[in-house]
Amino acid sequence: MNKIWSILVLIGIFISILTGSTEELGSIIINSATDAFQIFLKLALLILFWNGIFQIAIASGLIKNITRLLKKPLAFLFPSIDKDSLCMEYICSNLVANMLGLGAAATPLGLKAFQLLQEENNKETPSPAMITFVLLNISTLTFFPTTIISLRSMYQGKTSISLIFLMILVTSIATIFTLTLDRILYFITLRKKK
Amino acid sequence: MQIVVFYILCIVLFAIWKKVNAYEAFLTGVENSFKTILTIFPNILAIIFAINVFLHSGIMELLSNFLSKINIIPEIIMQCILKPISWSSSLLMMSKVFETYGVDSKLGALSTLIQGGSDTTIYIVALYFSSIKMKKTGHTIWVGILTDITTFIVSYLLIKLL
């Protein structure tokens, strides 16, 4: 992040000297703080509000209930993990929280699951299940992207059902892509070992 | 917007059905996230400063000639570059696109799809693997970055086709 930040600032200032727009840039730099505060306020209030709602979903056991439903199909992705173990429980609730768009609630669950995966693995290199799990967290299959939808309405935009459908389509394609590539790489490494 | 209402209704109704104190839970959730919020402000300020300097340096004029051929704007390119590294900064780029080109424009929709497609690869890999102090990450980073690139391409094609 440090490198990217420095490069952006340096290139920006350098080009503005070349194009002779430093005066304009000066006022923009000064206004950055106000700009940042306005966006921060929007984002911060959104996060506060949604975390409140998420806490209701956690406390009422909604996540646990959906987790129970999805346990079987998800267990298929982690053949090496015992279906009824605590580890599987955490993996599933993490993925369910992601699906519901409860990103903030998903992370602590995910970290716990990852720790338990490592206890079973007990090596210096990640097990296939650990890799699959992190990759699923990267592609994040989300059926209800709360922050994005809220941000759109803050900018007076409409979020039609078809746009949400497109978002689900994109994240599903990403998830399928990740899982396929992960499986292919997994089998390649298995062969190499033989 | 009705979807948000419906979604919240489901969560609240479920809580009432389970006889959970929804009000208390809401307060706890808000209270717990105060800390997170304070940590993101320095980050946002730093990023906004860098993005503003970069976008207003005149590079836009230089790039936009080239980019207009494929109907992409520099903001979207920046969003794609920042996406795997920092969630809040790519979200900021998305709000910049909303501000400049309108939320309901095609570019606004493209930006939305890119943001929703996948998560912050490098940040997530760092977060998970450092939590158990493991240095080797297998093929996670590469597959993750490829996933990000796939979502960019798929989003672009979808918006272009529709």
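Helices here are DSSP runs of H or I with at least four residues, numbered from the N terminus. With that in hand, let's work through some exercises on this predicted model.

**Exercise 1. Place A:Arg183 in chain A: which helix holds it, and is it buried or exposed, or something in between?**

Solution.
- Step 1: Going by the helix numbering, A:Arg183 belongs to helix 8 of chain A.
- Step 2: A residue needs 20 or more other C-beta atoms within 10 Å to be buried, and 12 or fewer to be exposed.
- Step 3: A:Arg183 has 13 other C-beta atoms within 10 Å, so it is partly exposed.
- Step 4: For a sense of distance, take A:Ile53: the two C-alpha atoms are 36 Å apart in space, and the residues are 130 apart in sequence.

**Exercise 2. Describe the fold of chain A, and decide how its radius of gyration stands against the globule rule.**

Solution.
- Step 1: Count the elements: chain A has eight helices and zero strands.
- Step 2: Written in order from the N terminus, this gives α-α-α-α-α-α-α-α.
- Step 3: For 194 residues the globule rule gives 16 Å, while the radius of gyration is 22 Å, well over that value, so chain A is more spread out than a compact globule.
- Step 4: The C-alpha trace spans about 65 × 45 × 30 Å along its principal axes.
- Step 5: Buried residues make up 41% of the chain, and 61% of the contacts with a separation of 6 or more join residues 24 or more positions apart.
- Step 6: As for confidence, the mean pLDDT of chain A is 85, with 98% of the residues at 70 or above. Helix 3 (residues 62-75) is lowest at a mean of 83, and helix 6 is highest at 90.

**Exercise 3. Do the same for chain B, then look at how its domains meet.**

Solution.
- Step 1: Chain B also consists of helices by this count, with eight helices and zero strands.
- Step 2: Its radius of gyration is 19 Å, well over the 15 Å from the globule rule for 162 residues, so chain B is more spread out than a compact globule.
- Step 3: Its C-alpha trace spans about 60 × 45 × 30 Å along the principal axes, and 41% of its residues are buried.
- Step 4: The domain assignment splits chain B into domain 1 (1-57) and domain 2 (62-162). Their C-alpha centres are 21 Å apart.
- Step 5: Where they touch, seven residues of domain 1 are in contact with six of domain 2. The domain 1 side comprises six nonpolar residues, one polar and no charged.

**Exercise 4. Work out which parts of chain A meet chain B, and what kinds of residue they bring.**

Solution.
- Step 1: Start with the totals: the contact involves 76 residues of chain A and 74 of chain B.
- Step 2: On the chain A side, the elements that give two or more residues are helix 1 (2-19), helix 2, helix 5 (103-121), helix 6 (128-139), helix 7 (146-154) and helix 8 (161-193).
- Step 3: Helix 2 makes the largest contribution to that side, with 21 residues.
- Step 4: Sorted by type, the chain A side has 48 nonpolar, 22 polar and six charged residues.

**Exercise 5. Trace the largest nonpolar core.**

Solution.
- Step 1: This core has 82 residues, and those with the most contacts inside it are A:Ala57, A:Ile91, A:Val134 and B:Ile51.
- Step 2: Helix 2 (residues 22-59) of chain A gives the most to the core, twelve residues.
- Step 3: Chain B takes part through both domains, as domain 1 (1-57) and domain 2 (62-162) each supply at least three residues.
- Step 4: Zoom in on A:Val134: leaving out residues up to four places away in sequence, it touches B:Ile124, B:Val125, B:Tyr128 and B:Thr140.

**Exercise 6. Find two residues of chain A with a positive phi, and say where they sit.**

Solution.
- Step 1: Recall the background: most residues other than glycine have a negative phi.
- Step 2: A:Asn122, not a glycine, has a positive phi of about 55°. A:Asn122 lies in the loop between helix 5 and helix 6, and it counts as exposed because it has 7 C-beta neighbours inside 10 Å.
- Step 3: A:Gln156, also not a glycine, has a positive phi of about 55°. A:Gln156 is in the loop between helix 7 and helix 8, and with 10 C-beta neighbours inside 10 Å it counts as exposed.
- Step 4: Now step back into helix 7 of chain A, where the buried residues include A:Ile148, A:Ile149 and A:Leu151.

Notes. Residues are numbered from 1 along each chain as its sequence is written. Chains are lettered from A and ligands numbered from 1 in the order in which they are written. This is a predicted model: local features need pLDDT of at least 70, side-chain atom pairs count only at pLDDT 80 or more; totals for chains, interfaces and linings use all residues. A nonpolar core is a set of buried Ala, Val, Leu, Ile, Met, Phe, Trp, Tyr and Cys residues joined through C-beta atoms within 7 Å. Domain bounds come from an automatic or database domain assignment. Two residues are in contact if their C-beta atoms, placed from the backbone, lie within 7 Å. Ala, Val, Leu, Ile, Met, Phe, Trp, Tyr, Cys and Pro count as nonpolar, Asp, Glu, Lys and Arg as charged, and the others, Gly among them, as polar. The radius of gyration is taken over C-alpha atoms; the globule rule is 2.2 Å times the number of residues to the power 0.38. pLDDT is the predictor's confidence in each residue, from 0 to 100.
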